[in-house]
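Dear colleague,

I am handing over the structure we spoke about, with the sequence alongside, and my notes follow directly below. Please read them with the coordinates open, since each remark is tied to a place you can look up.

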Amino acid sequence: MSVKARAAAVLLTPFFALFAVVMVVPVGYAVWLSLFTEQQSGLGFGGTHTVFTGLGNYTAALGDPALRDGFLVLLGYCALYLPLLLAGALALALLLDSALARARRFFQLALFLPHAVPGVIAALIWVYLYTPRLSPVVAAMESGGLGFDFLSPSGALPSVVNIALWEWLGYNMVIFYAALQAIDRSVIEAATVDGAGAWRVATAVKLPLIRSSLAMVVLFTVIGSLQLFTEPLILNQGSGSAVTSSWTPNMYAYTAAFARNDYGLAAASSVLLALAAALLSFCVTRLSGRAARPARAPRPPLAHPKGRP
């Protein structure tokens, strides 16, 4: 083994060891656990024993309407949350990057601060703001003739999306703003000299140059959306909330494990969610890679035979 190979092995061994401990082993144990279930013998007086069920837990999870409804909730959440997050973060980043912006550092810090609040604390704050007879926001809306129940079946999803936007909008704005700051200013100056206005520069020059950052944010946001758990779990504790204990797949797995003690079903639903996340990540990566691929330059015209116009 050469010196370079030994150096690479020494440097990579800690990473692969940590990766195996915190990733490979837990995933393997979850897959193994999903193949078994606990059954009681006799009339329940003989205790429980572990039984191999194969794909029985997977068929039970897929056949449960609660899990299917949870995936539909995630689909609606992504359809509502992803465009609002990307549009809002991009708009704020472009505004801060524009020549008209003032006090950039202050607004960066002010917009990023909500992300520094832990998710549980943020959800508790918004539960207070959503709860009737407690929230000054609801009281002000009712006094103005605007009645809206944030915890109703029609208002629960927008309420969760609002919490997520409050937490993550500033974080993604910082990512886009850093990408915009890395753009060569000479490119922007050349576009301005050519007569491009502020809107044209933003859409035709800046956005194409930060396409890789946009793809990264989309990928991380999709993965994070599939892991939706903390905010709806806190909202589930609210008075009159339409958020059930199995509102999302993560909540379904949590309830199966710690409320019904069905660890095999919880593991199976977790594996299904992981497979969905892997599939969506693959699709987003392929689509973003295809969008970022530069277009082929047109072929030069073939030379005409001598003496031909």
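Q40 is found in strand 1, which covers residues 36–40, and with a relative accessible area of 57% Q40 counts as exposed. Between Q40 and V51 there are 10.0 Å in space, C-alpha to C-alpha, for a separation of 11 residues in sequence. Please keep in mind throughout that this is a predicted model, and that the values quoted here are computed from it.

Turning to the helix packing, two packed helices are described by the angle between their axes and the distance between the axes. Helix 3 (residues 65–97) packs against helix 7 (residues 156–181) at an angle of about 40°, and their axes are 7 Å apart. Because angles from 35 to 65 degrees fall outside both the roughly parallel and the roughly perpendicular ranges, helix 3 is oblique to helix 7. The crossing of these two helices, helix 3 and helix 7, is right-handed, and their contact is made up, by class, of 25 nonpolar, four polar and one charged residues.

Helix 7 also meets helix 10 (residues 211–226), where the axes come within 10 Å and cross at roughly 160°. Helix 7 and helix 10 are therefore roughly antiparallel to each other, and their crossing is right-handed. Within helix 10 sits M216, which counts as partly exposed at 34% relative accessibility. M216 and T285 are 69 residues apart in sequence, while their C-alpha atoms are 8.6 Å apart in space.

Helix 12 (residues 249–258) is largely enclosed by the rest of the structure, because seven of its 10 residues are buried. The buried residues of helix 12 are P249, M251, Y252, A253, T255, A256 and A257.

Some backbone angles also deserve a look, given that most residues other than glycine have a negative phi. N261, in the loop between helix 12 and helix 13 (263–292), has a positive phi near 55° although N261 is a residue other than glycine, and at 48% relative accessibility N261 is classed as partly exposed. R133 is likewise not a glycine and has a positive phi of about 70°; R133 lies in the loop between helix 5 (119–130) and helix 6 (136–143), where R133 is exposed with a relative accessible area of 78%.

Helix 6 has something to show at either end. At the N-terminal end, S135 acts as a cap, with a side-chain oxygen 3.1 Å from the backbone nitrogen of V137, and just after helix 6 comes G145, with a positive phi of about 80°.

Finally, as you may be thinking about cysteine chemistry, how many disulfides does a search of the whole structure find? The search finds zero, a disulfide being a covalent bond between the sulfur atoms of two cysteines. As for individual cysteines, C78 is buried, with a relative accessible area of 17%, whereas C283 is partly exposed, with a relative accessible area of 34%.

With best wishes

Terms used. Residues are numbered from 1 along each chain as its sequence is written. Side-chain values use heavy atoms; hydrogens and water are left out. Axes are lines fitted to C-alpha atoms, for helices over the stretch in contact, and angles run from 0 to 180 degrees between N-to-C directions. Helices (H or I, at least four residues) and strands (E, at least two) are DSSP runs, numbered from the N terminus. Angles under 35 degrees count as roughly parallel, over 145 as roughly antiparallel, 65 to 115 as roughly perpendicular and the rest as oblique. A crossing is left-handed if the near helix is turned anticlockwise from the far one by less than a right angle, and right-handed if clockwise. Ala, Val, Leu, Ile, Met, Phe, Trp, Tyr, Cys and Pro count as nonpolar, Asp, Glu, Lys and Arg as charged, and the others, Gly among them, as polar. Buried means under 20% relative accessible area, exposed over 50%, partly exposed in between (1.4 Å probe, protein chains only). A disulfide is a pair of cysteine sulfur atoms within 2.5 Å. A polar contact is a pair of N or O atoms within 3.5 Å; within protein, one must be able to donate a hydrogen and the other to accept it, and residues adjacent in sequence count only if both atoms are side-chain atoms.
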